[in-house]
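Q: Could you take me through one part of this protein slowly, as if we were looking at it together? I would like to see what surrounds it and how it fits into the rest of the chain.

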Amino acid sequence: MASDLPSPCISICRMVPATGFCEGCLRTIAEIAAWSRMDDAGKRSVWRAIELRAEAGFGVAAGDTP
């Protein structure tokens with residue numbers, strides 16, 4: 001059973017064409033669309049990708065990922 005990992009959404013919902021990431025949560029459209037159907041492993045994978053994107057300097061949420 002999923003542990004109900006929190007969504008990375010911070011209500012800044014704008015896609016950045018140059019990166020393909022949401023400006024707020026640093027997810028792709030595909031990651032955003034699939035989030036509600038993902039199991040914990042999938043969600044943890046997306047969170048890790050967000051962390052790596054933030055470390056690389058993408059988006060305004062770089063300091064906001066857990």
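**A close look at Leu26**

A: Leu26 sits in the loop between strand 2 (21-22) and helix 1. Keep in mind as we go that this is a predicted model.

Let's get our bearings before zooming in. The protein has two helices and two strands, and from the N terminus on they follow the order β-β-α-α. Helix 1 covers residues 29-34, and helix 2 covers residues 40-55. Of the 66 residues in the protein, 30% are buried.

Now to Leu26 itself. Its relative accessible area is 0%, and because buried means under 20%, Leu26 counts as buried. Its backbone deserves a glance too: phi of Leu26 is positive, about 65°, although this residue is not a glycine. Ser11 also has a positive phi without being glycine, with a value near 60°. Ser11 lies in the segment before strand 1 (15-16), and there the setting is an exposed one, with a relative accessible area of 64% for Ser11.

Who keeps Leu26 company? The largest nonpolar core has six residues: Leu26, Trp35, Val46, Trp47, Ile50 and Ala54. In soluble globular proteins, nonpolar side chains tend to be buried together. Trp35, a fellow member of this core, touches Val46 and Trp47, and its contacts beyond four places in sequence also include Leu5, Pro6, Ser7, Pro8, Arg27 and Lys43.

Charged residue types can be found around Leu26 as well. Glu31, in helix 1, touches Leu26, along with Met38, Val46, Ala49 and Arg53. Is Glu31 buried or exposed? It is buried, because its relative accessible area of 13% is under 20%. The side chain of Glu31 also reaches back to the backbone nitrogen of Thr28, at 2.8 Å.

Arg53 comes in from helix 2. It is in contact with Leu26 and Glu31, and, again leaving aside neighbours within four places, with Phe21, Arg27, Thr28 and Phe58. Arg53 is buried too, at 14% relative accessible area. So if you start at Leu26, you can step to Glu31, then from Glu31 to Arg53, and from Arg53 back to Leu26.

Helix 2 offers another landmark, Glu51. The C-alpha atoms of Glu51 and Leu26 are separated by 8.8 Å, although the two residues are 25 apart along the chain. With a relative accessibility of 22%, Glu51 counts as partly exposed. For the protein as a whole, 41% of the contacts with a separation of 6 or more join residues 24 or more positions apart.

Finally, let's step out to the surface for contrast. Ile29 is found in helix 1, as is Glu31, but Ile29 is exposed, with a relative accessible area of 54%. Together with Met15 and Ile32, Ile29 forms a nonpolar patch on the surface, with about 250 Å² of accessible area for the three together. The accessible surface of the protein comes to about 4,100 Å², and 58% of it belongs to carbon and sulfur atoms.

To gather the picture: Leu26 is a buried residue in a loop, it belongs to the largest nonpolar core, and it is touched by Glu31 and Arg53.

Terms used. Residues numbered from 1 in each chain as written. Predicted model: local features only at pLDDT ≥ 70, side-chain atom pairs only at ≥ 80, totals over all residues. Heavy atoms only, no water. Core = buried A, V, L, I, M, F, W, Y, C linked by side-chain atoms within 4.5 Å. Buried < 20%, exposed > 50% of the residue type's maximum accessible area, 1.4 Å probe, protein only. Contact = heavy atoms within 4.5 Å. Patch = residues over 30% accessible without salt bridge, like charges linked within 9 Å, V, L, I, M, F, W, Y side chains within 5 Å. Areas by Shrake-Rupley, 256 points an atom, 1.4 Å probe, with all protein chains shown as cover. Salt bridge = Lys/Arg side-chain N within 4 Å of Asp/Glu carboxyl O. Helix = DSSP H or I, 4+ residues; strand = E, 2+ residues; numbered from the N terminus. Polar contact = N/O pair within 3.5 Å; in protein donor to acceptor, adjacent residues only side chain to side chain.
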